[in-house]
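Here is a note for a colleague who is opening this structure for the first time. Please keep the model in view while reading the points.

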Amino acid sequence: MIKLLFVFGLLLMPLMAHAQWYVGQASMAVNEDDYDDVRKKVIKQAIENASLQANSFVKIESTVTDGILSQSSSSIQSEHQISEIKILNESLKNDILTINVKVNLKSSLNCTKDRYLKQLIIAQFPLLTPAQATTGDVFSLPFHVVSRFKNELINQPNVFVEELIPEMVFRPEIDMDTVDLKAVKSISHSLNSQYQSQYLVFGYIRDIGLFNETTSSLLNKTTTPKRNFTIKVFMYDRISDSILVENEYHGEGDWSFDSFSRVDLANSLFWRSDYGKTIVDTLFNAAKDINETLSCEATKATVINKDDQYITINIGTLHGVNKGDVFQYIKLNSIALNHTVLSTLMPPTEPTLLKVVQVSNKISLLQVPIDADPSGMKQHQIDLYDVVTTVPQK
């Protein structure tokens, strides 16, 4: 897997605040050059040409495997971000390769950035088709994948990983690619007594199938065993009760092991192999996308205790909280509907600000300043499981 980093400086223009698709085309002569190398360059150029229409400062981090661009592997710095790339079609005529792509650009004008780390827990990722693990006897691959995914997330600048949990949040069935949000919510809330994280990352491994790739030249034909790796990743926000991330990532690499012998997945030889590096690169892309999503989310913390003096929230110095920091209170309201209850966050008409007066690793003690609440009524109205968030910057 080859990572290409291209940075293009363009004039900044006023941007729209919603996602929009742009189409780009690029062509290049193949001649005697390696076809896959030419294809990578054409894809990159087509993405650049599509991005030109948005008049953005473009940074393309494209991870390409055999000329196939990985999903969600590109980004645009400044006020736009690539959320999706689709190859519409490609043609080879008179030794000229032409590729058309469609790029979905979303504006980050409304991105709410702050310096606090967003806390998450990671559930297990089951293998959708266990029979695919027979080749190489790699039935323990999901365990190793989720462990390495945790490491990739730990290394992201906006993420704090609370725990890798043994539970499977989502047990998919073959040909079923849907999420039962009620089931996810139920499982997530059942974890409340054990974990404080706002975000729950889960998913499954869809395809680790083996196949042969045949390449022909004038003098010979070469067959190379290759193996897929496809993972579906979800990130659930336990406060807003919504799925913030739902992405699928695909990679493939050379399978250089005896298909009839057990492969030692704990051995670094596997992870240094072409297929092992494919998995790691795919997990890096998924972790990077989660980090980018969380970097634009306002930090929210839950009130986990209250007394006559303090309001206790579930983030602390490990998340970047310092004494003297100020948060804004948001009321959690429950609205009764037919056969269900809708929980929603409602900011008060008059913002209630709280200052951090004491802080430890994982919790902080807050107070409404006396000069803003002489009677103590504002602080008294804050209840357990209400939420505080960062104060919008003016």
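The numbered points below begin with the basis of the model and then take up a helix, the cores and one residue.

1. This is a predicted model, in which local features need pLDDT of at least 70 and side-chain atom pairs count only at pLDDT 80 or more, while totals for chains, interfaces and linings use all residues. Residues are numbered from 1 along each chain as its sequence is written, and side-chain values use heavy atoms, with hydrogens and water left out.

2. Helix 1 covers residues 35-52, and its end C-alpha atoms are 26 Å apart, in agreement with the 26 Å expected for 18 residues at 1.5 Å a residue (helices are DSSP runs of H or I with at least four residues, strands E runs of at least two; the expected span is 1.5 Å times one less than the number of residues). At its N-terminal end, aspartate 34 acts as a cap, with a side-chain oxygen 3.1 Å from the backbone nitrogen of aspartate 36.

3. In the largest nonpolar core, which has 35 residues, Leu120 and Phe149 touch the most other members (a core is a set of buried Ala, Val, Leu, Ile, Met, Phe, Trp, Tyr and Cys residues joined through side-chain atoms within 4.5 Å; buried means under 20% relative accessible area, with a 1.4 Å probe and protein chains only). Helix 5 gives the largest share of this core, seven residues.

4. Asparagine 291 is found in helix 5 and is buried, with a relative accessible area of 7%. Leaving aside residues up to four places away in sequence, asparagine 291 touches Gln156, Pro157, Asn158 and Val159 (contact means heavy atoms within 4.5 Å).

Conventions:
Polar contact = N/O pair within 3.5 Å; in protein donor to acceptor, adjacent residues only side chain to side chain. Buried < 20%, exposed > 50% of the residue type's maximum accessible area, 1.4 Å probe, protein only.
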